[in-house]
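Trainee: I would be grateful for a close look at a single part of this protein, with its surroundings set out in a connected account.

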Amino acid sequence: MTLFDLARKSAWRKPLRTTLLIVSIAVAFLIYGLTASFLDGAQTAAGASAEILGVTSANGRTHPLPLAALARITAMRDVAAASYAARLRGFVGVEKNVVAVSATDPALLLAVNGKELGLTPDLVGALGQGRDRALIGRALAEAQGWAVGQHATITAFDMPRQDGSRDWRFEIAGVFEGESAVTDTYFMIARYDYVNAARARAKDSVDNFIVRPRPGVPAAELAVRIDGLFANSATPTRTQSEKQFLEAFLRQYADIGLIVNLVVAAAFVTLLMITVNTMVFAVRERRFEIAVLKTLGFPPLWIMALILSETLLVFILGGGLGLLLAKFATLFAGPALGLVFSPTILARALGLIAALGLGVGALPSLSAMRTPIVTALRAR
């Protein structure tokens, strides 16, 4: 009879109680797996990269930057490629049906993050065949029912044309798919020269620059140097990675990380209250058996290891079941809900299983180890 065999038999001494305990642990780790997957999905949505940098105005996203600054950025030694974008936000039909348009230089965009967006030379070539042509993402095409060759009219919120109209008409030249399922494709890519020539104000300006560092160059280091380049200019900049930018954008509405941590903390605090009370009661029921083991010569540390093994086994079964359910949920609903069950989440969860299993078993195991044999035998 090994330590594992004794732990297994002790854990299943009361099958119903153990089953309910495993279910409680599974629910807690299912909540953890889903909330952590949502957080990771939000951080990696839109194909957000930790390497590609976004350069915006230090005064806020509503303040444009001069297009002429692109030359100073591309002249930097460690910049592999750079592009720019002017954002046009509007709606189709009704104001709730919001569509975003990114006006840029197609060739520069292809060089910077064409791979992440799923752009090809053929798509960029089709965009260049007419100034009013545009590429649409797969998600936007499916949502609006658009196809190549159709015309789409976007009514801008805050970018009027020189003729006073707010309607921007584009011919759909192609559909880009995105590199992966989490890449944001719910927007349009238009030509900057068309938008810039027709808009009434803020000509020759952009909302942001997009920079790809040279291989081996730390993105954070290059970001500091770009901001230093414009520190004393009329348009100081703030440079962040795409991932940092997305996190900051989400925090404008809510601190998603804090919400996730509070939900997970509530689940695990409840779990600890249940499991500690259950394990203390379970060990108290077996005080006589523990006294017999001590009488037979089993050392106190062995008794402690037995109880810790029992609680760890229950947590492994419950936590494993919860994580397995979370993984299945992300496989089936992940693409639609933006859930990403990464290896990092699994590693953190396994660490939590070990920590909680040992932590919950610490109190009852110490109590069993220190209880005198005579006192324990009286429990009979």
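Mentor: The account below begins with the whole chain, turns to the N-terminal helices as the chosen part, and then passes to other regions.

The model is a predicted one. Its 380 residues are 44% buried, and its secondary structure amounts to 14 helices and 11 strands. Among contacts with a separation of 6 or more, 78% join residues 24 or more positions apart. The exposed surface comes to about 18900 Å², of which carbon and sulfur atoms supply 62%.

The part chosen for close inspection is the pairing of alanine 11 with threonine 18. Alanine 11 belongs to helix α1, which spans residues 3-11, while threonine 18 sits in helix α2, residues 15-44. Is alanine 11 buried or exposed? Its relative accessibility is 5%, so alanine 11 counts as buried, the cut-off being under 20%. Threonine 18, with a relative accessibility of 7%, is likewise counted as buried because that value falls under 20%.

The contacts of these two residues show what surrounds them. Setting aside neighbours within four places in sequence, alanine 11 is in contact with Thr18, Glu310, Leu313 and Val314. On the same basis, threonine 18 is in contact with Ala11, Trp12 and Val314. Val314 thus appears in the list for alanine 11 and also in that for threonine 18. A further link across the sequence is given by alanine 11 and isoleucine 307: they are 296 residues apart in sequence, yet their C-alpha atoms are 9.1 Å apart in space.

The nonpolar interior may be considered next. The largest nonpolar core has 44 residues, and those with the most contacts inside it include Trp146, Ile154, Trp168 and Phe170. Strand β3, residues 79-91, contributes the largest share of this core, namely 5 residues. A second, separate core holds 25 residues, among them Ile25, Leu313, Phe341 and Leu356. Leu313 of that second core is one of the residues in contact with alanine 11.

Returning to the largest core, isoleucine 154 touches, among others, Leu88, Gly90 and Phe91, as well as Trp146, Trp168, Phe170 and Met188, when residues up to four places away in sequence are not counted.

A final element is helix α11, residues 287-295, in which Ile290, Ala291, Leu293 and Lys294 are buried. These four lie on the same side of α11, because they cover an arc of only 160 degrees around its axis. After α11 comes glycine 297, whose phi is positive, near 110 degrees.

Conventions: Residues are numbered from 1 along each chain as its sequence is written. This is a predicted model: local features need pLDDT of at least 70, side-chain atom pairs count only at pLDDT 80 or more; totals for chains, interfaces and linings use all residues. Side-chain values use heavy atoms; hydrogens and water are left out. A nonpolar core is a set of buried Ala, Val, Leu, Ile, Met, Phe, Trp, Tyr and Cys residues joined through side-chain atoms within 4.5 Å. Buried means under 20% relative accessible area, exposed over 50%, partly exposed in between (1.4 Å probe, protein chains only). Helices (H or I, at least four residues) and strands (E, at least two) are DSSP runs, numbered from the N terminus. Contact means heavy atoms within 4.5 Å. Accessible areas come from the Shrake-Rupley method with a 1.4 Å probe; for residues, only the protein chains shown count as cover. The arc is that of the directions from the helix axis to the C-beta atoms.
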